[in-house]
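Visitor: I would like a close look at one part of this model and at what surrounds it. Please start with a helix and work outwards from there.

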Amino acid sequence: MWPWEKDLDEVLQTHSVFVNVSKGQVAKKEDLISAFGTDDQTEICKQILTKGEVQVSDKERHTQLEQMFRDIATIVAEKCVNPETKRPYTVILIERAMKDIHYSVNTNKSTKQQALEVIKQLKDKMKIERAHMRLRLILPVNEGKKLKEKLKSLIKVIESEDYGQQLEIVCLIDPGCFREIDELIQKETKGKGSLEVLNLKDVEEGDEKFE
């Protein structure tokens, strides 16, 4: 049930249907019947709310685009670092870089989708990559060595290995590989292996300066 179905007055200023709101021209009865199959204006309002498209003014659209632009920049700043220093970029610096590459917001795509596109495009202009995720992999020793070879292409850096009753590996990965690594471990170890997220982002303290 839509929130307005109980009380239309919560979302409507009037139940009247207009041909031209700014001029105050109300739709004629025959026009309503022709367009909607009824002249019951309350019923027509329900049809418009259910099936109609929202008409956005130029000012509202501009505000929406500005907000999406900033939201995209925020996601990029949260996900990325300078790969050499491991320091994150500020939202303002990402916004500036997006303007430099003339990035145009697409209102039909999610901000997350567009953030991933922006990261790819910014790589041609600046030193930027998604911050690595730090994981601890716990693998049965028998399957561990063989599985480690299969995981090599998905791991960026192996920070430590500990052979005991189990093989314990602390490593850095691209966040986009997390699901593939998890599924591979579960499949190859038949559920005996596990992984633990130690850090969602491997970053140094302080913001990166962008000249």
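Which elements do the buried residues of α3 pack against?

Guide: The model is predicted, and everything below should be read with that in mind. The buried residues of α3 pack against three elements: β3 (80–81), α4 (91–100) and α5 (111–122). The helix itself covers residues 58–79, which makes 22 residues. From first C-alpha to last, α3 reaches 32 Å, close to the 32 Å expected at 1.5 Å a residue. Its buried residues are M68, F69, I72, A73, I75, V76 and A77. As background to such a list, an α-helix has 3.6 residues a turn, so residues three or four places apart point the same way.

One of these buried residues, A73, can be followed across to α4. L93 lies in helix α4. The C-alpha atoms of L93 and A73 are 8.7 Å apart in space, with their positions 20 residues apart in sequence. L93 has a relative accessible area of 10%, under the 20% cut-off, and so counts as buried.

Beyond α4 comes the loop that leads to α5, and H102 lies in this loop. H102 is not a glycine, yet its phi is positive, at about 55 degrees. Most residues other than glycine have a negative phi. With a relative accessible area of 66%, H102 is exposed, because the cut-off is over 50%.

A second place with this kind of backbone is K190, in the loop between α7 (178–188) and β8 (194–199). K190 has a positive phi of about 55 degrees and is not a glycine. Its relative accessibility is 75%, so K190 counts as exposed.

The loop with K190 ends at β8, and β8 belongs to an open sheet of four strands. The order in this sheet is β6-β7-β5-β8, with antiparallel pairing. β6 and β8 are the edge strands, each pairing on one side only. From one strand to the next the twist averages 20 degrees.

Taking the pairs in turn, β5 (residues 133–140) and β8 run antiparallel and are joined by five bridges. Here L137 of the pair stands opposite L195 in β8. Strand β5 also pairs with β7 in the antiparallel sense, over eight bridges. In that pairing, I138 stands opposite E168 in β7. β6 (residues 155–163) and β7 pair in the antiparallel sense over seven bridges, and they form a hairpin with two residues between them. The bridge partner of Y163 is L167 in β7.

Strand β7 (residues 166–173) is largely enclosed by the rest of the structure, because six of its eight residues are buried. In a regular strand the side chains alternate between the two faces of the sheet.

Two helices can be placed relative to the sheet. Helix α6 (residues 141–151) lies across β5, β6 and β7, and runs at about 140 degrees to β5. α7 packs on the sheet and touches β5, β7 and β8. The direction of α7 makes about 150 degrees with that of β8.

Methods. Residues numbered from 1 in each chain as written. Predicted model: local features only at pLDDT ≥ 70, side-chain atom pairs only at ≥ 80, totals over all residues. Heavy atoms only, no water. Expected span 1.5 Å × (residues − 1). Buried < 20%, exposed > 50% of the residue type's maximum accessible area, 1.4 Å probe, protein only. Contact = heavy atoms within 4.5 Å. Pairing = 2+ DSSP bridges. Axes fitted to C-alpha atoms, helices over the stretch in contact; angles between N-to-C directions.
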